[in-house]
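Subject: Structure handover

Hi,

Here is the structure we talked about. Please open it alongside this note.

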Amino acid sequence: MKRLIMVDIDACNGCRICEVVCSFEKERASVPVKSRIRILKVDEAGIDIPGVCQHCESPPCEDVCPMNAISCDPNTEGVIINQDRCVGCRSCTFVCPYGVISLDVEKKVMIKCDLCGGDPQCVRYCPKGALIYERSEVIDTLRRERKLLSFIEPLYKSRGYQSL
């Protein structure tokens, strides 16, 4: 069963622990620029949004890779980069709909979330539970419910009720 990481934007407080944990897991050093998850701070909206690979069913990054370095991991069903094959051409960054693939400038290879082999450390250590690692169909249900709630709650409050 394919599992994905979902972000609960309302729960994220922008602490960046996920970035530190990820970089330590992958690089054995606290170097957030080498993290496979990145926090985007949107000051105007007052929110922080963790950006993480959604491991597309038909990944455009895999299609454009001239070295065939991007494939699906048979164990996690996640999209992974074989860094031994990657030449750092950045083709994948231009087609990624989520903007979550980056270049490791020291190693000159592309990096992105690989789900930590099925045990994503960013999820494990997120103090607010803003990252959820769950089966794709559960993620789809959670997203639908949250979208529905975001539509219903203002209507509910406009009628004088405090909260759902």
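Below is what was found, taken by topic.

One caveat comes before the rest: this is a predicted model.

**Largest pocket**

Start here. The volume of the largest pocket is about 670 Å³. Its lining is made up of 24 residues. To find the centre, look for V7, D8, I9, I49 and P50, which lie nearest to it. Four elements give two or more residues each to this lining: β1 (3-7), β2 (38-42), β3 (47-51) and α5 (136-158). Helix α5 has the largest share, with four residues. What is the chemical make-up of the lining of the largest pocket? Eleven of the residues are nonpolar, six are polar and seven are charged.

**Second largest pocket**

The second largest pocket holds about 150 Å³ of space. Its lining consists of K26, E27, R36, I80, I81, Q83, K107, M110, I111, K112 and D114. At least two lining residues come from each of α1 (17-27), β5 (79-81) and β7 (109-111). Here the split is four nonpolar, one polar and six charged.

**Cysteines**

How many disulfides does the structure hold? The count is zero. Take C22 as a case. Its closest cysteine sulfur belongs to C116 and sits 6.0 Å away, so the two are too far apart for a bond. A disulfide needs the two sulfur atoms within 2.5 Å. C65 is likewise in no disulfide, and its nearest cysteine sulfur, in C89, is 6.0 Å off. Are these two cysteines buried or exposed? C22 is buried, at 8% relative accessible area. C65 is buried too, at 14%.

**Q54**

Q54 sits in the loop between β3 and α2 (60-64). Its relative accessible area is 13%, so Q54 counts as buried; the cut-off for buried is under 20%. What does the side chain of Q54 meet there? One of its polar atoms lies 3.3 Å from the backbone oxygen of I5. Beyond its neighbours within four places in sequence, Q54 is in contact with L4, I5, Y98 and R143.

**V64**

V64 belongs to helix α2. Its relative accessibility is 30%, so V64 counts as partly exposed. That class runs between the 20% and 50% limits. V64 and R90 are 26 residues apart along the chain, and their C-alpha atoms are separated by 9.8 Å. Setting aside neighbours within four places in sequence, the contacts of V64 are S91, C92 and V95.

**Positive phi**

Two residues to check by eye are N68 and L115. N68 is not a glycine, yet its phi is positive, near 50 degrees. N68 lies in the loop between α2 and β4 (70-72). L115 is not a glycine either, and its phi is positive at about 65 degrees. L115 lies in the loop between β7 and α4 (121-125). Which of the two is buried and which is exposed? N68 is exposed, with a relative accessible area of 56%. L115 is buried, at 0% relative accessibility.

**To recap**

The largest pocket is about 670 Å³, and the second largest is about 150 Å³. There are zero disulfides. Q54 is buried in its loop, and V64 is partly exposed in helix α2. N68 and L115 have positive phi values.

Best wishes

Technical notes:
Residues are numbered from 1 along each chain as its sequence is written. This is a predicted model: local features need pLDDT of at least 70, side-chain atom pairs count only at pLDDT 80 or more; totals for chains, interfaces and linings use all residues. Side-chain values use heavy atoms; hydrogens and water are left out. On a 1 Å grid over the protein atoms alone, a cavity is a set of points where a 1.4 Å probe fits but cannot get out, and a pocket is an open set with protein on both sides within 12 Å along at least five of seven lines; lining residues have an atom within 4 Å of a point. Grid points are joined across faces, edges and corners, and a volume is the space filled by probe spheres set on the points. Ala, Val, Leu, Ile, Met, Phe, Trp, Tyr, Cys and Pro count as nonpolar, Asp, Glu, Lys and Arg as charged, and the others, Gly among them, as polar. Buried means under 20% relative accessible area, exposed over 50%, partly exposed in between (1.4 Å probe, protein chains only). A polar contact is a pair of N or O atoms within 3.5 Å; within protein, one must be able to donate a hydrogen and the other to accept it, and residues adjacent in sequence count only if both atoms are side-chain atoms. Contact means heavy atoms within 4.5 Å.
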